[in-house]
Amino acid sequence: MTTLRVAIVDDHAMFRTGVRAEIDGPVDIVAEAEDVDSAVKVIAQTTPDVVLLDVHMPGGGGLEVIRRLHLRHPDTKFLALSVSDAAEDVIGIIRAGARGYVTKNISGPELLDAISRV
């Protein structure tokens, strides 16, 4: 089985660093971004298999990233990763095209499982 290529999109650098430390190795981290515009750019350039996508961040959040990329990169899967478990956030991002939704209190092994399921 080939190693999944993953991008981490979150506006908090410390959080991205922690996620990378937890999952790098079993997956290949190919890109990181801190806002919508940088996310769209690096995802288009690196075409990851899975994007770990924060729901709330500058420039329109995860919904805007999916809106800009979903049709142009249909093979890229989006997994929402948020502190929020509010129904409107979950429903909104899934309707936009995310394949899954997990909260940021997830463990490293649980996140790897969610990535592989997506």
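# A walk through the predicted model

Ile43 has its place in helix H2. The structure is a predicted model, and this residue is a convenient place to enter it. Ile43 counts as buried because its relative accessibility is 0%. Leaving out residues up to four places away in sequence, Ile43 touches Ala7, Val9, Pro48, Val51, Val65, Leu69, Thr76 and Phe78. Along the chain, Ile43 and Lys77 are 34 residues apart, while their C-alpha atoms are separated by 11 Å.

One of the residues touched by Ile43 is Val51, which leads to strand E3. Both faces of this strand are covered. Val50 and Leu52 are buried on one side of E3, and Val51 and Leu53 are buried on the other. In general, the side chains of a regular strand alternate between the two faces of the sheet. E3 has strand partners in E1 and E4. With E1 it pairs in the parallel sense over 4 bridges, and Val50 of E3 is the bridge partner of Val6. With E4 the pairing is again parallel, over 4 bridges, and there Phe78 of E4 is the bridge partner of Val51. Both Val51 and Phe78 are among the contacts of Ile43.

The loop that leads from helix H2 (36-46) into strand E3 (50-53) contains Thr47. Its phi is near 40 degrees, a positive value in a residue that is not glycine. Most residues other than glycine have a negative phi. Thr47 counts as partly exposed because its relative accessibility is 39%.

After E3 the chain enters another loop, which runs to helix H3 (61-69) and holds Asp54. With a relative accessibility of 5%, Asp54 counts as buried. Beyond its neighbours within four places in sequence, Asp54 is in contact with Val9, Asp10, Asp11, Gly61, Gly62, Leu81, Ser82 and Lys104.

A second aspartate to consider is Asp89, which is placed in helix H4 (residues 87-96). Asp89 is buried but has no salt bridge. The nearest side chain of opposite charge is that of Lys104, 11 Å away. A salt bridge requires a side-chain nitrogen of Lys or Arg within 4 Å of a carboxyl oxygen of Asp or Glu. What Asp89 does have is a polar contact of 3.0 Å between its side chain and that of His56. Not counting residues up to four places away in sequence, Asp89 touches Val55, His56, Ser84 and Tyr101.

Helix H1 (residues 13-23) has three named residues on its inner side: Arg16, Val19 and Ile23 are its buried residues. Viewed down the axis of H1, these buried residues fall within an arc of 65 degrees, so they line one face of the helix. Their cover includes strand E1 (5-9), strand E2 (28-33), E3, strand E4 (77-82) and helix H5 (108-117). The face of H1 that is turned away from the buried side carries Met14 and Ala21, which are exposed. H1 is followed by Gly25, which has a positive phi near 120 degrees.

The last topic is charge pairing. Over the whole structure, a search finds 9 salt bridges. One of these joins Asp24 to Arg20, with the closest N and O atoms 3.8 Å apart. Arg20 also forms a salt bridge with Glu32, where the closest N and O atoms are 2.7 Å apart. Arg20 lies in helix H1 and Glu32 in strand E2, so this pair ties together parts that are 12 residues apart in sequence. The relative accessible area is 29% for Arg20, which is partly exposed. Glu32 is likewise partly exposed, at 28%, and Asp24 counts as partly exposed at 38% relative accessibility.

A further salt bridge links Asp37 and Arg68, with the closest N and O atoms 2.8 Å apart. Asp37 belongs to helix H2 and Arg68 to helix H3, so the pair ties together parts that are 31 residues apart in sequence. Asp37 counts as exposed because its relative accessibility is 51%, whereas Arg68, at 30%, counts as partly exposed. Returning to H1, salt bridges with shared partners join Arg16, Arg20, Asp24 and Glu32 into one network. Arg16, a member of this network, is also one of the buried residues of H1.

Methods. Residues are numbered from 1 along each chain as its sequence is written. This is a predicted model: local features need pLDDT of at least 70, side-chain atom pairs count only at pLDDT 80 or more; totals for chains, interfaces and linings use all residues. Side-chain values use heavy atoms; hydrogens and water are left out. Helices (H or I, at least four residues) and strands (E, at least two) are DSSP runs, numbered from the N terminus. Buried means under 20% relative accessible area, exposed over 50%, partly exposed in between (1.4 Å probe, protein chains only). Contact means heavy atoms within 4.5 Å. The arc is that of the directions from the helix axis to the C-beta atoms. Lys and Arg count as positive and Asp and Glu as negative; His and the chain ends are not counted. A polar contact is a pair of N or O atoms within 3.5 Å; within protein, one must be able to donate a hydrogen and the other to accept it, and residues adjacent in sequence count only if both atoms are side-chain atoms. Two strands pair if DSSP finds at least two bridges between them.
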